[in-house]
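Me: I should like to look closely at one part of this protein. Please take a single residue and describe its surroundings in a connected way.

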Amino acid sequence: MALYVIGNLNAVLSPEHQKEIIRYIYNHQNEDGGWGLHIEGHSTMFGTALSYITLRLLGEGIEDDEEMAVSKGRKWILDHGGLVAIPSWGKFWVTVHIIWPAFIT
């Protein structure tokens, strides 16, 4: 998220690195559509929100992948109360992603 916010995502991460990050996140999605705090963890709002946002920042659309992983992640978030249910430190990262670009452009 920080690389995206400061505008250096593509300068630091090559397209190959970005593809591997996407693949890694897809491979560790739980069956319920969410992601945990670690690869074997149950789905949490924090893990799911950060994984979902990362996929979107890396250019993945809602229906881009065959398994509909992004769509399932979005559904998990909405079914569990939306981003208002994320812990305060998650709200900080979401806020940085949403607000900071407005200050630097």
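The request and the reply below concern one loop residue and the regions around it.

Me: Where does His 42 lie, is this residue buried or exposed, and which residues is it in contact with beyond its neighbours within four places in sequence?

Reply: The model is a predicted one, and the description should be read with that in mind. His 42 is found in the loop that runs between helix H3 (15-27) and helix H4 (45-57). Its relative accessibility is 63%, and because exposed means over 50%, His 42 counts as exposed. Once neighbours within four places in sequence are set aside, His 42 is in contact with Asn 30, Trp 35, Gly 36 and Leu 37. Another distance helps to place the residue: the C-alpha atom of His 42 is 9.7 Å from that of Gln 29, which is 13 residues away along the chain.

The next region to consider is the largest pocket, with a volume of about 150 Å³. Asn 30, Trp 35, Gly 36 and Leu 37 are among the residues that line this pocket, and the lining also includes Gly 41 and Ser 51. By type, the lining comprises five nonpolar, six polar and no charged residues.

Trp 35 also leads to Leu 55, which touches Trp 35 as well as Ile 22, Ile 25, Tyr 26, Glu 60 and Val 70, residues up to four places away in sequence not being counted. Leu 55, together with Tyr 26 and Ile 86, has the most contacts inside the largest nonpolar core, a group of 21 residues. H3, H4 and helix H5 (69-79) each contribute at least two residues to this core, and H4 gives the most, with eight. In soluble globular proteins, nonpolar side chains tend to be buried together.

Notes: Residues numbered from 1 in each chain as written. Predicted model: local features only at pLDDT ≥ 70, side-chain atom pairs only at ≥ 80, totals over all residues. Heavy atoms only, no water. Helix = DSSP H or I, 4+ residues; strand = E, 2+ residues; numbered from the N terminus. Buried < 20%, exposed > 50% of the residue type's maximum accessible area, 1.4 Å probe, protein only. Contact = heavy atoms within 4.5 Å. 1 Å grid on protein atoms, 1.4 Å probe; cavity = no way out; pocket = protein on both sides within 12 Å on 5 of 7 lines; lining within 4 Å. Points joined across faces, edges and corners; volume = space filled by probe spheres on them. Nonpolar A, V, L, I, M, F, W, Y, C, P; charged D, E, K, R; others polar. Core = buried A, V, L, I, M, F, W, Y, C linked by side-chain atoms within 4.5 Å.
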